[in-house]
Amino acid sequence: MRILFCGVAAIALSGCSWMGFGNSANSGYSYKSSNADCCVGGQTLSRWNIEAASGADFNVGGTAITGSDVTPIVAAPSLNLVDVDMDDAYETMYRSSVGGSYALNPNRKITAQAFYSRADGNEVVWGTQGGVDLRGTMTDYKTYGVEAGLRQYFTPQRAPLVNSVRPYIEGRLGAAHVDGISLVNIRHVPNTSPNTPTSLAMYDGGWVPTASGLIGVETPLFNRMTLGIETGIRYSGELQSNNTDVNAGFNNRYAGFNNGGDRYSVPLTIRGRYRF
């Protein structure tokens with residue numbers, strides 16, 4: 001999965017210049033087909049743009065709890081932990097960003113943005129202990145960071161309700177700071193007490209790499225304003241395990257439950273762009 005994703009991102013970052021796209025005649029975007037400059041209101045190429053976006057990130061991959069890395073215990077109280085996917089551990093993430101772009105030519109832009117995103121943690125069943133369910137609640141997944149990328153536009157197409165839409169692909173690379181994550185409110189259901197901690201630290205806060213491969217369309221709203229919608233796939237790297245709690249005494253029976261933390265998601269984003 002990671003190899004496939006990195007391949008998609010690499011293709012997008014290449015700008016796909018080998019595909020031969022980029023004819024901007026009859027675009028509805030005020031592009032001149034007679035020269036290489038893009039214009040606004042008959043003027044020269046608008047190099048600088050400001051952009052803002054907001055939307056949802058739907059979890060599609062990654063492991064929050066790696067219970068399969070923990071050796072089961074048969075003796076009383078028995079212990080058998082299971083893997084918990086990011087999709088089960090967290091609600092849909094919401095993300096906002098602001099940034100800018102610079103036009104290299106009418107069909108290609110360098111982009112940069114700062115973002116903030118957050119997802120609420122869920123209560124999960126992460127195994128059994130003493131013959132009953134072992135439950136806990138993930139603390140929220142909160143992150144902020146920066147990304148830079150390359151966006152390649154294709155030939156505008158006619159569309160209903162709007163004058164035209166212009167497809168594009170984009171590849172981004174960046175870094176995100178993720179807040180530390182713990183498993184809290186740990187308990188047994190039905191309520192028993194086989195010597196279980198009430199919380200366990202899981203992952204340290206810190207920086208991880210990010211990458212995105214996106215596809216989208218834009219449509220002009222006004223002379224200098226466009227509105228776009230985009231989707232694709234996004235990756236956030238593995239988090240650093242925090243073993244402070246699992247190295248403490250009897251809690252070492254949970255060692256290995258926090259060897260994940262990477263995340264794959266599918267974004268659905270609305271983005272506005274204003275060109276100067």
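**View 1. The largest cavity and its lining.** A cavity is a set of points, on a 1 Å grid over the protein atoms alone, where a 1.4 Å probe fits but cannot get out, and lining residues have an atom within 4 Å of a point. Grid points are joined across faces, edges and corners, and a volume is the space filled by probe spheres set on the points. The model is a predicted one, in which local features need pLDDT of at least 70 and side-chain atom pairs count only at pLDDT 80 or more, whereas totals for chains, interfaces and linings use all residues. Residues are numbered from 1 along each chain as its sequence is written, and side-chain values use heavy atoms, with hydrogens and water left out. Four cavities of 30 Å³ or more are found in a search of the whole structure, and the largest holds about 120 Å³ of space. Of the 16 residues that line the largest cavity, R95, T210, R234, S236 and R263 lie nearest its centre. At least two lining residues come from each of β5 (93-105), β6 (108-119), β9 (141-153), β10 (166-178), β14 (225-236) and β15 (263-275), where strands are DSSP runs of E of at least two residues and helices are runs of H or I of at least four, numbered from the N terminus.

**View 2. The eight-stranded barrel.** The protein has two helices and 15 strands, and eight of the strands close into an antiparallel barrel in the order β1-β5-β6-β9-β10-β13-β14-β15; two strands count as paired if DSSP finds at least two bridges between them. Neighbouring strands of the barrel are turned by 25° against each other on average, direction ignored, with axes taken as lines fitted to C-alpha atoms and angles running from 0 to 180 degrees between N-to-C directions. Strand β1 (residues 48-61) runs antiparallel to β5 and is joined to it by ten bridges, in which W48 has Y102 of β5 as its bridge partner.

**View 3. Two loops of barrel strands.** N223 belongs to the loop between β13 (206-220) and β14, and its C-alpha atom is separated by 9.1 Å from that of R275, a residue 52 positions apart along the chain. With a relative accessible area of 41%, N223 is partly exposed, the classes being buried under 20%, exposed over 50% and partly exposed in between (1.4 Å probe, protein chains only). In the loop between β9 and β10 lies L161, which is not a glycine and yet has a positive phi of about 75°; L161 counts as exposed, at 93% relative accessibility.

**View 4. The open sheet and the β7-β8 hairpin.** A five-stranded open sheet with antiparallel pairing follows the order β3-β7-β8-β11-β12, and its edge strands, β3 (79-81) and β12 (200-203), each pair on one side only. From one strand of this sheet to the next, the twist averages 35°. Six bridges pair β7 (residues 123-129) with β8 (residues 132-138) in the antiparallel sense, with G127 opposite L134 and E123 bridged to T137. The hairpin formed by β7 and β8 has two residues between the strands, and G130 in its turn has a positive phi of about 60°. On to β11 (residues 181-189), β8 makes five antiparallel bridges, one partner of T137 there being V184. N185 is also found in strand β11; it is partly exposed, at 44% relative accessible area, and has a positive phi of about 55° although it is not a glycine.

**View 5. Two cis peptide bonds.** The bond from A76 to P77 is cis, with omega near -5°. A76 lies in the loop between β2 (63-66) and β3 and is exposed, with a relative accessible area of 78%. Between the C-alpha atoms of A76 and G130 the separation is 6.5 Å, with the two residues 54 apart along the chain. The bond from V189 to P190 is likewise cis, with omega near 0°, and P190 sits in the loop between β11 and β12.

**View 6. The largest nonpolar core.** Buried residues make up 47% of the protein's 276 residues. The largest nonpolar core (buried Ala, Val, Leu, Ile, Met, Phe, Trp, Tyr and Cys residues joined through side-chain atoms within 4.5 Å) has 30 residues, of which I65, W126, M138, L183, Y254 and F257 touch the most other members. Leaving aside residues up to four places away in sequence, Y254 touches ten residues, V70, L79, L81, W126, Q129, L134, T196, P197, L200 and V246, a contact meaning heavy atoms within 4.5 Å.

Key:
1 Å grid on protein atoms, 1.4 Å probe; cavity = no way out; pocket = protein on both sides within 12 Å on 5 of 7 lines; lining within 4 Å.
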